[in-house]
Structure formats: C-alpha cells, structure tokens
Amino acid sequence: MRRWPTTIYLGGAVLALILLATIGAPWLMSAHPNTQVLSDRLLPSSTKHLLGTDHLGRDLLARLIYGGRFSLLLTITSVIVAAVVGTGLGALAGWLGGLWDEMLMRLVDLLIVFPGIIMALVIAALLEPGFGTLLLALTITGWTPYARLARALTLEVGTMPYLEAARALGVSQFRIINRHVIPNIIGPLLAMSFLRFGHVLLTIAGLSYLGLGAQPPTPDWGAMIAEALPYMQRVPLLLFVPSLAIFLTAFSVTIVGQGLMLLFDPKQRRL
Amino acid sequence: MTNQLLRRLTLLPLILFVASLVIFLLPYATGVDSTMAVIRARVGERVLTEESIERLRVELNLDQGLPVQYMQWVGRFARGDLGFSYVSRAPVREIILRGLRVTSTLSIMALLLAIGIALPLGMWAAMRPGSWIDFVVTLTSQIGVAIPQYVMAPLLILLFAVWLDWLPTAGWRGPLFMILPALTLTMRPLAYFTQTTRAAMLEVLNADYIRTARGKGLSPGLLVRRHALRNALIPVVTLCTLWLAALLGGSVIVEVIFAIPGLGRIIYDAVLAGDIPLIQAGLMVIVAFAILINTLTDLLYIVLNPAIQLGDHSV
C-alpha cells in the first residue's frame, strides 16, 4: 500500500477535534446553551461571553459547541445504517446474481429518481420532525449509492482466482462473503462513507435551517444560521460562527474521503 | 446496442408507474387524514359539523377507496388536469407550471455558469498536474463541495446586498434578482464539474493514443482540441444531465432564502400547509423529470460509448 495522502491526516485531525468538542461539550462549557438572559441580547464578545450572545441572550460559544450534537449524531447513525444496509444488499445482489440482482437494482433505479432533500422534507413534515423521522427519511434514499458500489465491487472481486479456489475447497457462501468478499471491497466503501457523510450532514443542517430538523430550543448549526439572518447586519458573527462550523466539518470529512478514494482506487494510484 | 436501448426504454413506463404509486400513497402512508388536512388548510382550526365534513369528503372524492382515488388521479394527471389546491383553490397545473418556469430558468443559468467556468479550469489543472495551479484548483473545488446553499446565500446577501448594496437581497422581479441565487446554486455543480473534468482529462492525457499523437509532434493545443477533449467530455456530459435533475429538485433552500416563487418553494409551502394535491403534483413533476433525464443519460452513454453494457455490468 502506498503512502497515505497528507489530506487524510489533516482532515482527520480537524474532524477529531470537532467530534471531541461536541462529545465533551458539557465538560468544556460552563454556560448552558439554552439559558436566556434577555437583558444580554446581541452582546459583543467579552470575557464572560467569548463570542458574544445571540438574539435571546444565549451564549454563542456554548451554542456553537453544543450545536453539532444533533446533526453529527444523526449523520453518523444515518451513514452507518445506510452503509450497512446498502453494502449488504449490494454485495448479496452481486453475489447471487439472476432475479435477486435484477429486482434489487431496479429498486435502486426507482429510488435514485427521488431527490433526497425534497423526500426528507416531505417525510419530515408529514410525520413529526425529529431524530427517528429524519433517520428514516435519510435512509430510504441513502442506501442506494452503497448498494451500487458494493455490487460492482463484488462482481469484480467475484471473478478473482482466490475466490474460485475458496469455492473449489467447499467454503460456505456466508464464510466466503464474510472472509473474502467484504474485506476486499471495504476500502472504496469506506471512502464513499466519508464522502456521503459530508453530503448527509449538509442535508440535515439544511433541514434544520428550514425548521424541519432539530427543533428549538435545541442548539443546531443549521437552525442557528436561520436564526441569525434578521440580525446579520448588526452582528455578523452570529452568521459566521455556525457557517464556519458546518463548512469546516464538511470540508475535513470531504478531504478525508477523497484522500481515501485516491488510496483505494487502483487507477488513480499510477498518477 | 439496439437491445440495450430497447431494454432501457421498456423500463421507463414501469419506473414511472411505480414512482407515481409511491408519490400518490406517500401522504396517506404517513397517516394524514386528508379531509381534516383540507379543513385545516382552508379554514384554520375552526370547528365544523360532522355533516359538512362528510360533504367535503364526497366533494373531493375522498369517500372512495384509495385504488379508485389513485386511478382517478393518474387519469386526470395524464390529461394534464392536476386538480385544485386545498389552500388557494387555484388549479394546481397553473401553480406548478409557473413554478417550473422559474426553477428551470434558475437551474439552467446555474448549470451554464458551472460548465463555462469548470471546463477551462479543470482542463487547465489537468494539463499541469502537480503544479501550484493544479493545487489551487483542486483545493478550491474541495472547498466548493463543502459550502452548502444556506451558508453561501447569506454570505452573498451580506456582502453584495447589505454591505456593497449592488444587488437586491431577495425577490424575483428581473435579471438583477437572478444573480445571487444563480451564484449560490452554481457552487456545488461547479466544484464537482471541475473535479470530474480534471480527472477525465488526466486519464485521457495518459492514454496511449495521446502519447502517439504527441510523439508525432502534434502541438499541445491541437492535441487537446482534436484528440483529448472529445473523450474527456463523456463523463462531464453525463454529470451535467444528472445535475440538471438534481437542481430542479434541489433548489428549495435557495428559493426559500431568496423568496423565489419556484417549484421547490411551492412544495415547501404545500408541505407546511398539508396541501396534498400540490405536494403530489409537485413531487410527480420533479420525479418524472428525473426519470426522463436519467433515461436520456443512459441512452446517451450507450450511444457515446458502445463498450458499456447496461444491466449485468453497469455500475
């Protein structure tokens, strides 16, 4: 295996910092993100409030640190569920072939025409917006890219001589998939998971922005941008802070994903 | 090749049918009582008698079973009659067409802008791999992928509308109003097009026939224009068509931020108001476009590159 691209370390370090701060929020921050002090509205930064306060007098730094909890947890859960379901079904389709393969791939063809954000919007609004609803809405359309990739990779791996050898030795199907197929296709799927992570995070924050994701008063980066709009001329920081948080997370996860793709794509390796 | 084309075309009505079924049932699957939705949409929370509720049920054909309702819906849809909005009682067809005109204008502007910038940029980077130009282009496109519309749009508004006061903040009353939304929408496709152009161009430039052409002493400009560009464009063209579908269905946030009366905004408002006929019709139009565009892309792929096999080995 060739040297890992530096972007993986760089993006990984930023991502780790963001995740640590998000998980450690209660220990890092003494201020509570939902404590309103209406006499302290829209304050500039001070020693008491390092980044100032928002339109309800809540500490902006506390809301920033707590603001990733809903989106990031939902993103991670959704990416894991979609990856497991998609990879499982895709690998199975590629392995079994025939009618199973045909049916599953037509289902993928069908789901792929439903635009993700609109579907999530409709489902989230018709059911009650919340963690479970959003997870459902994101997973229904989210597993298809993994299925396509896993199926293509399985077809590719399936023709390899070592699999023929394993089959000739009478190794069970389950064991072949578990021991030989999955380890050989996990790399590109991991790369895709990171790239999808960025995409899903941006979708969830977008739904929060539209008021259909995290519900108030839950601090959330997407909702913080929407709340900042009426005040952005007076206190631009209210807009910049959550924007930067969303961008940095999406950016670091993307460069890790693209780095992994470079690492696992045999065609790119030559360049 | 003819076989593949036929196979793809026979799938088209099947996918349309299943998609329409899913869209029709979606509001019901979530347990919404459509009669109550109408009442809420029309008269707010005012109390109504059992009798008037029943009359409304009959008036809107909601007393029939779902299969009957579905057949009626599809039949009317095929004739271009999309029913009436629960909220405004205006014909859904007019509302959707008006929104579609706005959204398609915006999407095509964003797409053309993205192609116009991404093609030269990606090619420029690919011709000097590893140089600082390549580094800057790659980094910029990675940044572009990570900036969502709801981050880009407020920043553009703050800079160009509030601080510089060059452009209007929101609305849809002329060409000036289109600039900021189009800029916002173009960011992500621009970033992806640049990356795809660069990667495709790099791959082609490393191909044997290019090396031969270079060995014959062909000038770099002619080499790119005559030999490399055509083959490098195939993945970019397919990506473009897919993005057209994505933009038509994905402009909701931009339309909400800039108060643009497009299709995304119409569906968003309909969703919040529980206006089921409008939700169904809006989704159906977007999905039908996506199906048509996907099919066209597949056909284009088959025609441009006969080596690709649909079905068993398609990725």
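What percentage of the 271 residues in chain A is buried? Select chain A and colour by burial: buried residues make up 44% of the chain. Keep in mind as you click around that this is a predicted model.

**Stop 1: chain A as a whole**

Stay with chain A in cartoon view. You'll find 13 helices and zero strands, so to speak an α run from the N terminus onward. Line the view up with the principal axes, and the C-alpha atoms fill a box of roughly 75 × 45 × 30 Å. If you like contact maps, pull one up here: among the contacts in chain A with a separation of 6 or more, 70% are between residues 24 or more positions apart.

**Stop 2: where chain A touches chain B**

Now show both chains and select the contact between them. Chain A puts in 37 residues and chain B puts in 40 residues. On the chain A side, the elements giving two or more residues are α5 (98-112), α6, α8 (144-158), α10 (173-209), α11 (221-228) and α12 (237-264). Highlight α12(A) in its own colour, since the largest share of that side, nine residues, comes from there. Then colour the chain A side by residue class: you should get 28 nonpolar, seven polar and two charged.

**Stop 3: α6(A) against α12(B)**

Zoom in on residues 116-126 of chain A, which form helix α6, and residues 263-273 of chain B, which form helix α12. Their axes come within 9 Å and cross at roughly 15°. With that angle, α6(A) is roughly parallel to α12(B). The crossing itself is right-handed. Turn on side chains for Ile118(A), Leu121(A), Val122(A) and Ala125(A) on one helix, and for Ile267(B), Tyr268(B), Val271(B) and Leu272(B) on the other; these make the contact. By class, that's eight nonpolar, no polar and no charged.

**Stop 4: the nonpolar core**

Next, select the largest nonpolar core, which has 148 residues. The ones with the most contacts inside it are Ala120(A), Leu121(A), Val122(A), Ile267(B) and Val287(B). Centre on Ile267(B) and leave aside its neighbours within four places in sequence: what's left in contact is Ile118(A), Val252(B), Ile279(B), Gly282(B) and Leu283(B).

**Stop 5: α5(B) against α10(B)**

Hide chain A and pick out α5 (92-127) of chain B, together with helix α10, residues 220-250 of chain B. They pack at an angle of about 150°, with their axes 11 Å apart. The pair is therefore roughly antiparallel, and α5(B) passes α10(B) in a right-handed crossing. From α5(B), show Thr103(B), Ser104(B), Ser107(B), Ala110(B), Leu111(B), Ile115(B) and Met123(B); from α10(B), show Val224(B), Cys240(B), Trp243(B), Leu244(B), Leu247(B) and Leu248(B). This contact divides into 10 nonpolar, three polar and no charged residues.

**Stop 6: two residues to compare**

Is Met123(B) buried or exposed? Select this residue of helix α5 of chain B and count: there are 20 C-beta neighbours inside 10 Å, so Met123(B) counts as buried. Not counting residues up to four places away in sequence, Met123(B) touches Thr197(B), Met201(B) and Val224(B). Add a distance label to Gln195(B) too: the two are 72 residues apart in sequence but 9.8 Å apart in space, C-alpha to C-alpha.

Finish at Ala90(B), in the loop between α4 (66-78) and α5 of chain B. Ala90(B) counts as exposed because it has 12 C-beta neighbours inside 10 Å. Beyond four places in sequence, Ala90(B) is in contact with Phe84(B), Ser85(B) and Ile95(B).

Key:
Residues numbered from 1 in each chain as written. Chains lettered and ligands numbered in written order. Predicted model: local features only at pLDDT ≥ 70, side-chain atom pairs only at ≥ 80, totals over all residues. Axes fitted to C-alpha atoms, helices over the stretch in contact; angles between N-to-C directions. Helix = DSSP H or I, 4+ residues; strand = E, 2+ residues; numbered from the N terminus. Parallel < 35°, antiparallel > 145°, perpendicular 65-115°, else oblique. Left-handed = near helix turned anticlockwise from the far one by under 90°. Contact = placed C-beta atoms within 7 Å. Nonpolar A, V, L, I, M, F, W, Y, C, P; charged D, E, K, R; others polar. Core = buried A, V, L, I, M, F, W, Y, C linked by C-beta atoms within 7 Å.
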